[in-house]
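Colleague: Please take a close look at one part of this model for me, and then set that part in the context of the rest. I would rather have one long, careful answer than a list.

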Amino acid sequence: MIETRDESGVLIIELARADKRNAMLPEMLELLHDAITSNTDALAIAILGQGKTFCAGFDLKACANDPSGDTMRALLTGLSKCVRTLRQHPAPVVLGVHGAAVAGGCALLGGADIVVADRHAKLGYPVVKIGVSPAVSSPFMLASMRPGIVRTRLLDTDLIDGEHAYKLGMVHELCDAPSDVHDRAVEIAESIASKPGSGCRETKRWLNEICAVSDEQANAGLNASLELTGNNEERERLAALWGES
Amino acid sequence: MTNTPATSSAVLLKIEERVATLTINRPDARNAMSVEILDAMHDAVDEIKDSASSVLVITGAGRALCAGMDLKAVLIELSGDAGMGERLLTRLAELTLKIRGLPQVTVASVNGAAVGGGCGLTCVCDVTISHSDAKLGFPEVDLGICPAVIAPWVVKKLGPGVARRTMLMGGIMSGEQAYEIGLVDQLAPNRDALESLTNNVAQRLASGGPKALSATKRLLNELDGSFDETLVLKGAKLSASVLATPEAQAALAARMKR
């Protein structure tokens, strides 16, 4: 579900569940977390998705099949842990979004320093539609985007394209074609890894201090999402959505 | 009425009615920030604070606004002074706080290069005007150094995400690209058109009520934490400590030889 390789100081992590549009499962997020934490010597990290899209978010079929809500809880907790870990990793993180980054997939933007996407990629957080609160992402989004944009994006279920996301500052560089995204994201990561001395790492550490997300804030966001998990609204909407598809 | 106060030749200060213009005047070194330049800027800003002007325009003589820190001064093997980097960076940090705290609305008119600390100076200003062919950016990480001293201002200007991308990737961008990401607020089509655009903007700003302008600016400064001196001064110390590392000194020496 996660594949990693090291190319001259760049840790490349690929979401590898292409047949499910890289939809996240709890064990996949554990593997992602392990991949990030096991390589603290990396000079830059590139996170990519295999197949046609970067990431479609949580595996909603797995969530719908577990009415106890435990799968959803594990996914929310795992996502929060991964985003925190990406942010705290000493190396800059480049995210390459091709095709789509939806819901939990889009939440990974909160852990990235640089986001590359294709012009027509679909991005957004349409999770209130299924009775889930995106509060888990809010502290990290607020630390990387303008507050008015975060508010609209987290509450509105609409998806926006890469070009619009670039104008809003959610995406920092655009590629014309989805097939260009991986190469460009890795190229940026390689360029960062090749810079001399400790300038990049110190700059990231300092930016994390200026735009800090405290554990208290991150936990408050996660708990706000967890509190809703397993309620009737979520169960009914998940079942209805899954039934429709 | 034009008033030309007595200032050092390192900066030129002109006060015309309600618009003051501070020109960094070291064109042969692309207006790089030396001790002399920073001292002169401090004195000029003190003078402007007490003047009747409502708008301050900051620009550079020659082909650049400011090329950043004076590399000769911060390269220890040339200056022989290991403490110079921290002194310069602290002086720059204090200058940015002083400019931000001015009651006047400040306008950076980027006539050419605005690089590193020079680009940081534009982020401290309330409005930045430039032209399509200007060169702006934060290439510190390309030299193994850290733009910590100006990072708080860059984050306030660009927002956290775009600031992060811009400072971590390093490099230089055109005026047009800077306009696209919000680093430049108004863009002239070319260098020749910049002066007229700057004058128009400065006059328009100066036509506002002086008390209303300064009260609005003060409130904006309070809301965005601009009066937090601790962060900027801590940033200066961090920039200085990274600057003093052997890797950074080697990269700077290699750049000087180019």
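Modeller: Two residues are in contact here if their C-beta atoms, placed from the backbone, lie within 7 Å, and helices (H or I, at least four residues) and strands (E, at least two) are DSSP runs numbered from the N terminus. The model is a predicted one, in which local features need pLDDT of at least 70 and side-chain atom pairs count only at pLDDT 80 or more, while totals for chains, interfaces and linings use all residues. Residues are numbered from 1 along each chain as its sequence is written, and chains are lettered from A and ligands numbered from 1 in the order in which they are written.

The part I have chosen is the meeting of helix H9 of chain A, residues 199-210, with H6(B). From H9(A) come Trp206(A), Leu207(A) and Ile210(A), and they meet Ala151(B), Pro152(B) and Val155(B) of H6(B). Sorted by class, the residues of this contact are six nonpolar, no polar and no charged, where Ala, Val, Leu, Ile, Met, Phe, Trp, Tyr, Cys and Pro count as nonpolar, Asp, Glu, Lys and Arg as charged, and the others, Gly among them, as polar. The axes of H9(A) and H6(B) are 10 Å apart, and the two helices pack at an angle of about 60 degrees; axes are lines fitted to C-alpha atoms, for helices over the stretch in contact, and angles run from 0 to 180 degrees between N-to-C directions. The crossing of H9(A) and H6(B) is right-handed, that is, the near helix is turned clockwise from the far one by less than a right angle, whereas anticlockwise would be left-handed.

Let me step back to the contact between the chains, which takes 24 residues from chain A and 30 residues from chain B. On the side of chain B that touches chain A, at least two residues each are supplied by H6 (151-158), H7 (160-169), H11 (229-243) and H12 (246-257) of chain B. H7(B) gives the most to this side, with eight residues. Over the whole side of chain B that touches chain A, 19 residues are nonpolar, six are polar and five are charged.

Turning to chain A itself, there are eleven helices and nine strands. Chain A has a radius of gyration of 17 Å, which agrees with the value near 18 Å that a compact globule of 245 residues would have; this radius is taken over C-alpha atoms, and the globule rule is 2.2 Å times the number of residues to the power 0.38. Taken along the principal axes, the C-alpha atoms of chain A fill a box of roughly 55 × 40 × 35 Å. Of the 245 residues in chain A, 56% are buried, meaning that 20 or more other C-beta atoms, placed from the backbone, lie within 10 Å of the residue's own, with 12 or fewer for exposed and partly exposed in between. Among contacts in chain A between residues at least 6 apart in sequence, 79% join residues at least 24 apart.

Six strands of chain A form an open sheet with mixed pairing, in the order S1-S2-S3-S4-S6-S9, two strands being paired if DSSP finds at least two bridges between them. S1 (2-7) and S9 (173-175) of chain A are the edge strands, each pairing on one side only, and neighbouring strands of this sheet are turned by 20 degrees against each other on average, direction ignored. Helix H8 of chain A, residues 181-193, packs on the sheet and touches S2, S3, S4, S6 and S9 of chain A, its direction making about 170 degrees with that of S3(A). Strands S3 (44-49) and S4 (93-97) of chain A pair in the parallel sense over three bridges, and Ala46(A) has Val94(A) in S4(A) as its bridge partner.

A further open sheet, again with mixed pairing, has three strands in the order S5-S7-S8 of chain A. S5 (100-102) and S8 (160-161) of chain A each have a single partner strand, so one side of each is left without a neighbour in the sheet. S5(A) pairs with S7 (122-124) of chain A in the parallel sense over three bridges, and the bridge partner of Ala100(A) in S7(A) is Lys122(A).

Two backbone details in chain A deserve a careful look. Ala103(A), although not a glycine, has a positive phi of about 50 degrees; this residue lies in the loop between S5 and H4 (104-107) of chain A and counts as buried because it has 26 C-beta neighbours inside 10 Å. Ser8(A), in the loop between S1 and S2 of chain A, has a positive phi near 40 degrees, and counts as exposed because it has 9 C-beta neighbours inside 10 Å.
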